Amino acid sequence: MSNDSNQNFAPPAVLNEQQVNAITQAVQGLNRDQLTWLSGYIAGMAGAPTGAAPMSAAPAAQADVPTLTILFGSQTGNAKGLAESFQGKAEEAGFSSKLVSMADYKPRQLKNETHVVVFVSTHGEGDAPDDAIELHEFLAGKKAPKLPNLKYAVLGLGDSSYEFFCQTGKDFDSRLAALGASAIIPREDCDVDYDAQADSFAQKLVASLKDELVASAPSQTVAAQTGTAAQPESSAYTKKAPFAATLLEAQKITGRDSVKDIQHIEISLEDSGIAYQPGDALGVWFANSESLVDELLSLTQLEGSAEVTVADSQMTLREALINKLELTLSYPNFIKAYQQATASASLAELMEDKATLRTYMADRQIVDIVRDHPGQIDAQALVDALRPLTPRLYSIASSQSEVEDEVHLTVAHVDYEAFGVRHQGGASGFLCDRLAEGGEVNVFVEKNDNFRLPESSDTPVIMVGPGTGIAPFRAFMQERDAQEAQGKNWLFFGNPHFTQDFLYQVEWQGYVKSGLLDKITLAFSRDQKEKVYVQHRLLEHGAQVFEWLEQGAHFYVCGDAMHMAKDVEAALISIIQEHGGKSEQDAKAYLVALRKAKRYQKDVY
């Protein structure tokens, strides 16, 4: 039952507005089976004598069964997916549960909870995902309640390549503990290859909760459930079972003299049945460069034909290095394992200072580390030191309303000289250089419900997307063009030079000419003495930006999370403060309200 179907529902005279609101809140989030049971239960109550319990009612003891609240904070959908999967396991165990996005959760409700499980990711410099910000800040603030009766568990997602690995999960764990809550099992910090660890966490947690949460037969548990089960994906193709797509075209869209090699990629999804929405990302599996693998084999003096085991599968070392293991990013676990295997004194010294080690890793790939610190290591030890290859996610730069069974990407080709040798990004080098047109690439769609066009095509939108951050806004415009949308559109775009780096220039000019794009504001940082970025242009147009926000505009940001997105947010707060006549605190509250209303959305990396 959709919310839309109830918009014109008039309550009967026997119910007042407060009662209707209470009923609506009580049934929110129930799935079809739960609603069916509830309708029968209420019908039984209506037919029973006054004061008598209906025949279909659950035993009175059922009301005392604690509910397991499963909270998720997710930037790209991974934490949400794990939370949904865990709820399925909780239901199988007979637990009463509810699944809630942190964006929809009232922080003060925590004091009423008995059992909470948190699934939360970390991005940027230890930042909480957008939908977790309010709860994350509430737990650190003065208004957070004491929670002596709460039992909790936390699973954090992150990437050990970054300094603040799983920081948001660590924050939730430490703050809940500081408020008096008790951990059911120890917190788990998951790296990019999280599947096995997350599954183990779920099994341990279910086992630990069985005595506390199963107080009745599983057949009666449905009556007490208040969450919604995970909905199946519309596509048969997933991260674990990708679609073998075909590369149609890879075309450089920056000028000959540009410092950037940005390419427009077109991929055929023909016969896949894959559907995506503007705002979604495409997951791309890739193979490592064979020349990179050959250099690593030479440096380690290992035979590519040596048999090794990767995730319970036997294969040659060369095959594993090409298709199964991460080589183009460096990460602390590799350095630790490689140092132990080789007894490298120089690496041991480097590991003593975390800041120095982070700086060292930032400029180097796995082969650079091995070249700098040669040592003897056997084939299986090398495999075990490396982490599994993971797909890269790219914001989709097309709408199926326009391109049908294709998907387009805007990819910055990572390609540079360092330490006397050429370096390429794993996926970007594969897509932009090594994969020939007509070649095969394994892909899947990663849904992103946190980055969506407004439901009404009449709603104005402001889009801030420097560099490859332009990608989803190309999809937005294609979609709004197909919708014949009447809502105003304003794009802020930036890059180094107008003549070399104005991505999709002809398309944007066409949208301006047709009237679809009402305003385009450009920031080419190197075309004048003083560097100018998108946040500067926002401030220059602050009065009109605030006017659009007051008219209901949705505000979108895509691109670099470390600097650009933070600078844009600071500019936005300044605009709200100056042109809205608000204090800094009130301006921040205004921004929080925009975020909660899904009118301020970010797709950052």
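A trainee and a mentor talk through a predicted model, asking what lies behind each label.

Trainee: What makes the ground rules here?

Mentor: Residues are numbered from 1 along each chain as its sequence is written, and side-chain values use heavy atoms, leaving out hydrogens and water. The model is predicted, so local features need pLDDT of at least 70 and side-chain atom pairs count only at pLDDT 80 or more, while totals for chains, interfaces and linings use all residues.

Trainee: What is the mean pLDDT of the protein chain?

Mentor: The mean is 88, and 86% of the residues reach 70 or more. pLDDT is the predictor's confidence in each residue, from 0 to 100.

Trainee: Where does pLDDT stay under 50?

Mentor: Residues 1-14 are one such stretch, with 3 contacts beyond four places in sequence. Residues 47-63 are another, with 15 such contacts. Contact means heavy atoms within 4.5 Å.

Trainee: How many helices and strands does the protein chain have?

Mentor: It has 23 helices and 21 strands. Both are DSSP runs, numbered from the N terminus: helices are H or I with at least four residues, strands are E with at least two.

Trainee: Why is Thr168 called buried?

Mentor: Its relative accessible area is 0%. Buried means under 20%, exposed over 50%, partly exposed in between, with a 1.4 Å probe and protein chains only. At 0%, Thr168 therefore counts as buried. Thr168 sits in helix H5, residues 167-178. Its contacts, leaving out residues up to four places away in sequence, include Val120, Asp127, Pro129 and His136. Across the chain of 605 residues, 49% count as buried.

Trainee: Why is Gln301 called exposed?

Mentor: Gln301 has 63% relative accessibility. The cut-off is over 50%, so Gln301 is exposed. Gln301 lies in the loop between helix H8 (290-300) and strand E10 (307-310). Gln301 also has a positive phi of about 55° although it is not a glycine.

Trainee: What is the phi of Glu484 near?

Mentor: Phi of Glu484 is near 55°, a positive value in a residue other than glycine. Glu484 is in the loop between helix H17 (471-483) and E18. With 63% relative accessibility, Glu484 counts as exposed.

Trainee: What makes E19-E18-E17-E20-E21 an open sheet with edges?

Mentor: Two strands pair if DSSP finds at least two bridges between them. Here 5 strands form the sheet in that order, and the pairing is parallel. Strand E19 (519-524) and strand E21 (600-604) each pair on one side only, which puts them at the edges. On average, neighbouring strands are turned by 10° against each other, direction ignored. Axes are lines fitted to C-alpha atoms, for helices over the stretch in contact, and angles run from 0 to 180 degrees between N-to-C directions.

Trainee: How do you know that E17 pairs with E20?

Mentor: Count the bridges: 4 join E17 (residues 461-464) to E20 (residues 554-559). The definition asks for at least two, so the strands pair. Met463 has Tyr556 as its bridge partner in E20. E17 is also joined to E18 by 4 bridges, again running parallel. In E18, Phe492 is the bridge partner of Val464.

Trainee: How do you know that both faces of E17 are covered?

Mentor: Val461 and Met463 on one side are buried, and so are Ile462 and Val464 on the other. In a regular strand the side chains alternate between the two faces of the sheet. Helix H21 (residues 542-550) lies across E17, strand E18 (489-495), E19 and E20, at about 140° to E18.

Trainee: Which strands pair in the antiparallel sense over 4 bridges?

Mentor: Strand E14 (residues 415-418) and strand E15 (residues 421-424) do. Asp415 has Gln424 as its bridge partner in E15. Their hairpin has 2 residues between the strands, and Phe419 there takes a positive phi near 55°.

Trainee: Why is Tyr533 called partly exposed?

Mentor: Tyr533 has 33% relative accessibility. That is neither under 20% nor over 50%, so Tyr533 is partly exposed. Asp567, in helix H22 (residues 564-579), is partly exposed too, at 36%. An unreviewed UniProt entry places the feature "binding site" at residues including Tyr533 and Asp567. UniProt positions follow the numbering used here, feature names are shortened, and annotations may be inferred rather than shown by experiment.
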